[in-house]
Amino acid sequence: ASRVAAHVQDRVSPTCVDVGCAIGNDCATLLVALGRVGQNSATVTGVDVMEAQLATARERVPEATFVQGDAARLPFEDASVDSLQCARLLIHSADLHATLDEFMRVLKPGGIGCFYEGDFRTQTLLTSDAAIAKVHAAKLALSTGGIANPNVAHAVFQYLLASPDAEHVTLDGFPSVQRDPTYGLGARMLEMDKGQCRKLVEAGT
């Protein structure tokens, strides 16, 4: 959000879009970072395919606009958006290249795109127990098998580097060390874990 705000600070009434906005958390964060009021205020629009999510977003973040739409067919004119962001969205994209092309279509020349995505190839479990390591590897294979783009961060970077429509492409990686195997979700994550283990047992893994 701070990077987007810094990039558009000199633009008059910039249009900022969050694709896959869900219930509007990132739109709210962006509005705070922009901190613009009056005639030169920014327009923040969230886009999501699920109307139920958008209804909640409209209640939670009334300062933003929320519209239903598909990431690969955005409801914006060519070169009409100053900034476009998404988080944990492209990992699920059925056609990653088409979606990225759509993002570049709506961005103005000199606009900024920020994509917060991961890469499952970099996930490592630190353990000296071979049995636990084997189970973890099997669970990871099961999880990534149902994901469209498990190595999406690298794929996006590679595609944008080769695109004549993108410039100043950077990849800002960061490590994430989780000491809590439930990622703070507690019993909910443990139930998901049990479900995965049951599927692996049923498959004879």
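This tour moves from a sheet to the helices packed on it and then to a pocket. The model is predicted: local features need pLDDT of at least 70 and side-chain atom pairs pLDDT 80 or more, whereas totals for chains, interfaces and linings use all residues. Residues are numbered from 1 along each chain as its sequence is written, and side-chain values use heavy atoms, with hydrogens and water left out.

**The sheet.** Begin with the five strands (DSSP runs of E, at least two residues, numbered from the N terminus) of the open sheet, whose order is E3-E2-E1-E4-E5 with parallel pairing; a pair requires at least two DSSP bridges. Strand E3 (65-68) and strand E5 (107-116) form the edges, each pairing on one side only. From one strand to the next the twist averages 20 degrees (axes are lines fitted to C-alpha atoms, for helices over the stretch in contact; angles run from 0 to 180 degrees between N-to-C directions).

**E2 and E3.** Next select residues 43-48, strand E2, which pairs with E3 in the parallel sense over four bridges. Here Asp-48 stands opposite Gln-68 in E3.

**The helices.** Helices are DSSP runs of H or I, at least four residues. Select helix H3 (residues 51-60): it packs on the sheet, touching E2 and E3, and its direction makes about 170 degrees with that of E3; contact means heavy atoms within 4.5 Å. Then turn to helix H2 (residues 25-34), which lies across strand E1 (15-19), E2, E3 and strand E4 (81-87) and runs at about 165 degrees to E2.

**The pocket.** Finally, display Gly-20, Val-49, Gly-69, Ala-71 and Leu-89, the closest to the centre of the second largest pocket among its 18 lining residues. A pocket is an open set of points on a 1 Å grid over the protein atoms alone, where a 1.4 Å probe fits, with protein on both sides within 12 Å along at least five of seven lines; lining residues have an atom within 4 Å of a point.
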